[in-house]
Amino acid sequence: ENVARYAEKITSNVMLEDSLEIQPIVLRSLSQSGKHEACISKGIEILSRLNFDIPLTITPESVINAMAITDSIASKFSMDQMVNLCENDIDVSVHRFVKIIDAIFASCLASSSSFLPLVACAIVQFSLQHGICHESTVAFAAFGMLKIFTKGDYGGGRYWADVVRAIAKKLETTNKSKMMLRPKLLMYLMIDIWFLPPRVISQKLLQNHQNATRKGSIDAAMLALQTGWRLKLLGGEQLSLIYKSSEDRLRLMTKHSPYAAKLALLDNMLLMELTGKFGDYFSAFEGSICNMNDLQDVAKLTKDLQLLQSSHVFNVLIEYWRGNYTGAEESSRLASMMVPVSKMPTIYLIYHTFFRGLILFRLYRMYGDEQRLKDGKEMIDRFEEWALVSMAVFENKWLLLKAEYSASTDEFDQALQMYEGSIKSAQNHGNIHELALAHELLGNYCSGRGFMTTTSNACFEKAYMYYAQWGATAIAEKIFLTHNLEMDSAAKQELHLQNQKHSRQWD
């Protein structure tokens, strides 16, 4: 803080051209203090004085125009030519300009600012024209994310991720490789999630955590640690493994990155709901956060829109597993209202869309309201688009939503076909948590029709088994008690043998 105040004093008393080395310090200080609006406002003013053309008022047309210009400039370069622009005799003034833009970009990203596309495009354009600095590569990853976010161009997003990977490979043997930690995080969390299963990406993130720790980049290390374990949680990893060191991870993050710790707290709250095991998580915050409402109050006070939206999404999941579907619907409504952060291409968007669809169809069957059915159909349409990008990631969820829609519109044969398709897809791709869920929902559907008691009991028994195998013991016990499962000794032995078989399959 003292350094930042000293830097601010210097910049206010010298010409702009003489303060370019110090301006990024001032901007980063504002960003790291959570003063994102002030950082962006001051940064845009500096860029305007340096003749960067970034409009003060953002419109859809200005974003489309900026991306079109960036595409046009990039089209003149092959991927190899872009890599060759990296760190080749770049003038020191280029580094200074990019550091300023990068400092603004960090706040744009943290706050999901409407300036994010324009700042990312400015960095990419400037870098392609003057040389690619290590500081600018995070904007290349962001531009790939924006191709997905603004245009639904998943192929374009993947191309820019490959550019980042190629630059990282060139820099990995240099002392600049530390600077690739942030671009890789962005690439994994906003681009690769559309092509690779969460458990695969979690491995990459935890490797990134180890690399960042070795290189002394603590913020990047903590964020990689938190997101790596979050993707394990959402991706169906054994919950007992996640629970085992959850308190230690949270305390480590509390010490080194309070922001990552708050996000990890959400993971642990969901973990408690699934397992029925209670950890001493809130004590890490020394009384400042004791429940979800406290966490949301902190997010509102600090204007942390990402944390607030994340809390609403996790409330959707928690209330769903509690069976409080109206509460889950309300949390989903709050999460959906937070545009543009709610539409960013993240893991939150994927799982919020999935559970929102399940909730809407369930409530439609319970209470009616054609708008619920219409909105649920929109969730199916999103998953159909995503499934065409990667069946391995999205197929079983897409088919399960289609099954629930058909169940809601009394299309018996279609519903059964979709439930069975979702079960098969979940088995094929190792998604044991969603395999359990599909069996439970099929059991609910069969039970609701009255004459399929034997089939519904068999579904509930399998749901119980797979939930238990996943480690969601609280959910498994609820299934057992709610549906009065009374398995005889032969059935229990068969379930035990199947459990052993599938445990080996997913090891």
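Three short exercises on a predicted model follow, each with a worked solution.

Residues are numbered from 1 along each chain as its sequence is written, and side-chain values use heavy atoms, without hydrogens or water. In this predicted model, local features need pLDDT of at least 70 and side-chain atom pairs pLDDT 80 or more, while totals for chains, interfaces and linings use all residues.

**Exercise 1.** Determine how many helices and strands the protein chain has.

Solution. Take DSSP runs: helices are H or I, at least four residues; strands are E, at least two; numbering starts at the N terminus. The count gives 26 helices and zero strands.

**Exercise 2.** Find which residues of helix α18 are buried, and what covers them.

Solution. Helix α18 spans residues 325–337. Apply the cut-off: buried is under 20% relative accessible area, exposed over 50%, partly exposed in between (1.4 Å probe, protein chains only). Tyr325, Gly327, Ala328, Glu329, Ser331, Ser332 and Ala335 are buried. Their cover includes α17 (305–322), α19 (347–367) and α20 (370–389), with contact meaning heavy atoms within 4.5 Å.

**Exercise 3.** Analyse the salt bridges of Glu434 and of Glu319.

Solution. The criterion is a side-chain nitrogen of Lys or Arg within 4 Å of a carboxyl oxygen of Asp or Glu. Glu434 meets Lys397 at 3.2 Å, N to O. Glu434 lies in α23 (residues 432–448) and Lys397 in α21 (residues 391–408), so the pair ties together parts 37 residues apart in sequence. Glu434 is buried at 3% relative accessibility, and Lys397 is buried at 4%.

Now take Glu319. Its partner is Arg322, with the closest N and O atoms 3.1 Å apart. Both sit in α17, three residues apart, about one helical turn. Glu319 is buried at 13%; Arg322 is partly exposed at 47%.

Note on methods. The expected span of a helix is 1.5 Å times one less than its number of residues.
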